[in-house]
Amino acid sequence: MNPLLQPTRFGELQLANRIVMAPMTRSRADSEAVPTSVMVEYYAQRASSGLIVAEGTSPSADGLGYCRTPAIYSQAQIDAWRQVTDAVHAAGGQIVLQLMHCGRVATHHNKPVGSRTVAPSAVPAQTQLFTDVVGMADTDMPAALSREEIRQVIADYRQAALNAREAGFDGVELHCTSGYLPMQFMSQNANLRTDEYGGSVDNRVRFALEVLQAMAEAIGPGRVGVRFCPGNKFNDIADSEPSATLDALLRGLDGLQLAYLHIMRAHTRKIDAFAVARAAFSGPLIVNDGFEPDSAEQMVADGLADAVSFGRHFIANPDLVTRIRDDLPLAEFDRHTLYSPGPEGYIDYPTADARSLEELS
């Protein structure tokens, strides 16, 4: 049997197979960061995956940064997410929620009135974001978090994990890469602090580890995962020692007994992130970035990973598990509809069976 199709267990998460749907921002929430009905169908269509990691979702109003991305701090958001998880569970799937605090990667055009843009230090990200109001906009100047405010942000993550469980999610994943708040703390150009959260690499990974500890204490470590990509420069991140950062993070994870580590291919040839993570992390390992069914199968068969996550292939192939099982061709997604509002390019990709019937008619 294809090793990707074998069941496995990650902490408290029971996976029917080792084909994971990677978290992907698709910008289909409403203006209040509430999940919409098309999101219910989108995730339900892909419930045959061993595990769905739902898109980056803000733990607080301050954590929002992009337009039409969801959150999970209000009751309306929790209730709407419950419709998603109920649909996925009814279809036999497992789903966790990726928690994403954008930190300085934000513009007030995409945030509720009264919310703040915060970061480790008052250093803006040198990038622009799309808004539905004014088109492309510069990021805001962030306010540097005080120690007390850091504790509050950690508490926001903790509450978001509890809210996720109330919404029916089987667990949560900390988004710890792509230039968002945890990685801003790790970054030498975004974090200019001189206290216990800045300076040395061990200090710079402290925030992420404290967030993970808080969420694990709230809902159990077997329901908490973390995603990381060493050397990722996205959203104006600079780290001259990505290998040291990865090592410090992995050392910090030791003993937490998390459900899994979701590691992405390193954005530097100097690091084999998969090999380093396999050697240093004792728990289940999900690998990501650029895998095809054959290469993913080989990773699991060789014991280099416990599961493989797919992003772009799940966009255009809601029945990706079936296509891998039956060795069917994979459809290509339309880049023009990745972030557009509405159902087009979101819930209208046919399954292989549906496409065959359409061609025969």
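The predicted model has an average pLDDT of 96 along the chain, and 98% of the residues score at least 70. Confidence falls below 50 over residues 357-361, a stretch that makes zero contacts in the model beyond near neighbours in sequence. Where pLDDT is low, predicted coordinates should not be read in detail.

The sheet takes the form of a closed barrel of eight strands, in the order β3-β4-β5-β10-β11-β12-β13-β14, with parallel pairing. From one strand to the next, the twist averages 25 degrees. Within this barrel, strand β10 (residues 171-175) is joined to strand β11 (residues 224-228) in the parallel sense through four bridges. At this pairing, Val-172 is placed opposite Val-224 of β11.

Two helices were examined against the strands. Helix α9 (residues 293-301) packs on the sheet, where it touches β13 (285-288) and β14 (307-310). The direction of α9 makes about 155 degrees with that of β14. Helix α7, in turn, lies across β11 and β12 (260-264) and runs at about 175 degrees to β11.

Besides lying across these two strands, α7 (residues 242-253) packs with helix α8 (residues 273-280) at an angle of about 25 degrees, the two axes being 10 Å apart. Because angles under 35 degrees count as roughly parallel, α7 and α8 are roughly parallel to each other. Their crossing is right-handed. On the α7 side the contact is formed by Leu-246, Asp-247 and Leu-250, and on the α8 side by Ala-273, Val-276, Ala-277 and Ala-280. Classified by residue type, this contact comprises six nonpolar residues, one charged residue and no polar residues.

A further set of helix contacts centres on α2, for which packing with α1 and with α3 is described in turn. Helix α1 (residues 37-45) packs with helix α2 (residues 75-90) at an angle of about 25 degrees, with an axis separation of 8 Å. This angle makes α1 roughly parallel to α2, and the crossing of the pair is right-handed. Residues Met-39, Val-40, Tyr-43 and Ala-44 of α1 meet Trp-81, Gln-83, Val-84, Ala-87 and Val-88 of α2. By class, eight residues of the contact between α1 and α2 are nonpolar and one is polar, with no charged residues.

The packing of α2 with helix α3 (residues 147-166) has an angle of about 45 degrees, with the axes 9 Å apart. The helices α2 and α3 are therefore oblique to each other. The crossing of α2 and α3 is likewise right-handed. Gln-75, Ile-78 and Arg-82 of α2 contribute to this contact, together with Asn-163, Arg-165 and Glu-166 of α3. The residues of the contact of α2 with α3 comprise three charged, two polar and one nonpolar.

Technical notes. Residues numbered from 1 in each chain as written. Predicted model: local features only at pLDDT ≥ 70, side-chain atom pairs only at ≥ 80, totals over all residues. Heavy atoms only, no water. Axes fitted to C-alpha atoms, helices over the stretch in contact; angles between N-to-C directions. Parallel < 35°, antiparallel > 145°, perpendicular 65-115°, else oblique. Left-handed = near helix turned anticlockwise from the far one by under 90°. Contact = heavy atoms within 4.5 Å. Nonpolar A, V, L, I, M, F, W, Y, C, P; charged D, E, K, R; others polar. Pairing = 2+ DSSP bridges. pLDDT = per-residue confidence, 0-100.
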